[in-house]
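Hi,

Here is the structure I promised to pass on to you. Please open it alongside this note and have a look around before reading further.

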Amino acid sequence: MSAPTRRQIFETRQRRRANGIAAASTCAVLVSVVLLVPLAPGWEAVQRSFFNAEVFANTFPGLLNAFLLDVAIFAWCAPLIAALGLLVALARDLRTPALYPVRLLAIAYTDVFRGLPVILVIYLIGFGIPGLGLPRPWNSPYIWGSLALILVYAAYVAEVIRSGIESIHQSQRAAALSLGLSGADTMRFVILPQALRRVVPANMNLFVALQKDVALLSFIGPVEIFRQAGVYKSLMANFTPYVGAAIIFLAITIPATRYADYLMNITRRTQS
Amino acid sequence: MTLRATSAFCLALCGLGVAAQAQDSCASGKTLTEDTLTIATGNPAYYPWVMNDAPESGEGFEAAVAYALAAEMGFSAEQVRWVRTSFDQSIQPGAKDFDINLQQFSITEEREKMVDFSIPYYSSAMAVLTTQRVIDEGATATIDSLKGLLWGADANTTAVPMLTGLIDPARAPLLYGDNTDVTAAMQAGQIDAALFDLPTALYLSAVVLNDGAILGQFPADRSDNPDQFGMLMEEGSALKECVDAALTRLTESGQLAEIEAEWLSQTTGVPVIE
């Protein structure tokens with residue numbers, strides 16, 4: 001490689017200067033937060049209630065253990081959400097006049113479940129359906145609570161996938177049909193492979209959100225991390241366990257969001 | 001309660017208040033507002049602790065105890081102001097908006113580190129709330145039979161550690177945010193039984209559940225660490241010694257026992273778990 005040009009040297013210097021200023025201003029903000037917040041008159045009380053090292057050490061292992069249940073619920077919900085979301089998106093794209101009722105049903109489904117608060121759906125399905133008199137184990141809150149999550153999130157995923165399908169230009173469909181592909185094959189081999197790839201980042205965001213909403217299942221009984229933290233809070237009259245739970249959630253969701261951002265960048269680069 | 005009895009009760013309270021005012025100046029200057037005792041209860045406050053969610057009436061065990069305590073500390077009934085707090089509000093750091101808070105707070109060592117409790121004003125037995133269906137299917141008031149049930153409890157109560165300590169169920173219990181959710185789950189057949197303090201269990205069984213039943217009780221003296229209710233105060237509250245002194249006098253004079261007999265008398269006669 002040849003020696004850097006004057007322009008390159010100038011740009012390197014500029015970049016270094018910008019980095020230096022950014023680092024200094026970040027440090028200044030951090031230092032002032034660390035120094036000023038403890039000066040607030042109630043800081044000691046807040047610290048004892050929210051950042052209590054002893055309580056943290058006592059409860060963190062229990063919280064980690066309870067988090068396994070969150071992971072398990074997420075693991076069995078995610079594939080079902082993806083499958084149902086895809087089905088609904090395809091139903092909304094049906095163009096055969098005879099199948100219009102199916103399309104209408106799909107539209108009604110996404111409208112209703114995107115419009116309801118998740119917690120309401122969990123209560124309604126989690127307590128309501130078992131209340132009809134189902135025998136065990138079919139009245140388990142795990143089954144019906146998971147179904148509530150799946151129904152709500154599949155509605156969002158369906159809309160995301162539909163937006164992907166619609167973003168593929170009409171000419172692709174026309175070209176595929178003119179090559180002799182059937183309608184189903186056009187969707188399967190031409191439209192979907194492109195559409196799904198485009199909506200991967202948007203779906204990643206939904207799954208990050210799902211990761212947190214799994215905790216809502218605790219309202220109908222399962223003792224996952226949020227409920228376990230609540231039990232500790234109540235027994236010790238201390239909010240530190242919630243902070244512990246927040247840290248565990250962040251440890252999962254931050255890398256996941258970063259990964260989604262990374263995917264989004266790749267898509268943008270390949271498209272431009 | 002008849003109207004006449006209610007007014008007699010109120011008169012008695014007011015009379016006591018005036019009589020006591022002269023002899024107890026311990027609380028003066030230590031309350032949130034001068035010459036007013038601010039007392040917090042739950043939102044809503046439940047039967048039989050507070051009748052009809054109206055603590056101002058002085059009806060219900062905790063409402064009656066509150067007025068008796070206020071009188072003992074030198075406050076007339078008019079000088080008592082009621083506010084409402086949730087559990088989380090009562091333990092949050094920072095200035096409190098109540099002098100004392102009574103809503104069946106169990107005294108525990110860990111909680112004592114964060115807030116102040118008065119000496120206990122009630123020792124509660126723990127009771128097993130279930131439905132007639134579960135009893136018909138053969139559940140009995142023995143530890144062995146209880147172990148096999150699917151349990152539930154209110155996550156905000158000390159029933160959770162008691163469940164493990166007293167019964168140690170075979171399957172992990174399900175926990176809920178409040179009484180209503182526990183009973184909803186029981187009605188839906190998702191849990192067989194739940195552990196509550198006895199007065200609450202009696203109320204839920206009689207009023208809320210369709211075919212509710214009390215399987216049995218663990219008497220207060222049964223466990224090493226009985227469920228004792230204390231009045232919650234801010235950590236380091238100057239009022240604590242006054243409240244404790246007044247409660248001691250109420251206990252020694254037998255007045256506290258009388259109030260308990262008046263409002264919580266149905267608790268006798270529930271079978272004891274072997």
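Below is what I found, taken chain by chain and then at the contact between the chains.

First, a word on confidence. Please keep in mind that this is a predicted model. It scores ipTM 0.76 and pTM 0.79. Chain B averages a pLDDT of 84, and 88% of its residues score at least 70. One stretch to treat with care is residues 10-23 of chain B, where pLDDT stays under 50. For that stretch the model has 19 contacts beyond four places in sequence.

Chain A

Chain A has 11 helices and zero strands, so if you walk along it from the N terminus, each element you meet is an α, through to the end of the run α-α-α-α-α-α-α-α-α-α-α. Is chain A more spread out than a compact globule, or less? Its radius of gyration is 25 Å, whereas the globule rule gives 19 Å for 272 residues; the value is well over the rule, so chain A is more spread out than a compact globule. Along the principal axes, its C-alpha trace spans about 75 × 70 × 30 Å. Of the 272 residues, 30% count as buried. Among contacts in chain A with a separation of 6 or more, 75% come from residues 24 or more positions apart.

Chain B

Chain B brings strands as well: it has 11 helices and 12 strands. Of its 274 residues, 47% count as buried. For contacts between residues at least 6 apart in sequence, 74% join residues at least 24 apart.

The part of chain B I would look at is an open sheet of five strands, in the order β8-β7-β9-β6-β10, with mixed pairing. Its edge strands are β8 and β10 of chain B, each of which pairs on one side only. On average, neighbouring strands of this sheet are turned by 30 degrees against each other, direction ignored.

Now for β10(B), which covers residues 212-218. Is this edge strand buried or exposed? Five of its seven residues are buried, so β10(B) is largely enclosed by the rest of the structure. Its pairing with strand β6 (residues 126-131) of chain B is antiparallel and runs over six bridges. To find the register on screen, start at Met126(B), whose bridge partner in β10(B) is Phe218(B). Then go to Ala127(B), whose partner in β10(B) is Gln217(B).

Two helices lie across this sheet. α7(B) lies across β6, β7, β8, β9 and β10 of chain B, and runs at about 150 degrees to β7(B). α8(B) lies across β6, β7, β8 and β9 of chain B, at about 160 degrees to β7(B).

Where the chains meet

The contact takes 23 residues from chain A and 28 residues from chain B. Which elements of chain B give two or more residues to the side that touches chain A? They are α3 (87-91), α4 (109-112), α7 (159-167), β8 (174-176) and α8 (179-187). Of these, α8(B) gives the most, with four residues. By class, this side of chain B has 15 nonpolar, 10 polar and three charged residues.

So three of the sheet's neighbours and members turn up again here: α7(B), α8(B) and the edge strand β8(B).

Best wishes

Note on methods:
Residues numbered from 1 in each chain as written. Chains lettered and ligands numbered in written order. Predicted model: local features only at pLDDT ≥ 70, side-chain atom pairs only at ≥ 80, totals over all residues. Contact = placed C-beta atoms within 7 Å. Nonpolar A, V, L, I, M, F, W, Y, C, P; charged D, E, K, R; others polar. pLDDT = per-residue confidence, 0-100. Rg over C-alpha atoms; globule rule 2.2 N^0.38 Å. Buried ≥ 20, exposed ≤ 12 C-beta atoms within 10 Å, placed from the backbone. Pairing = 2+ DSSP bridges. Axes fitted to C-alpha atoms, helices over the stretch in contact; angles between N-to-C directions.
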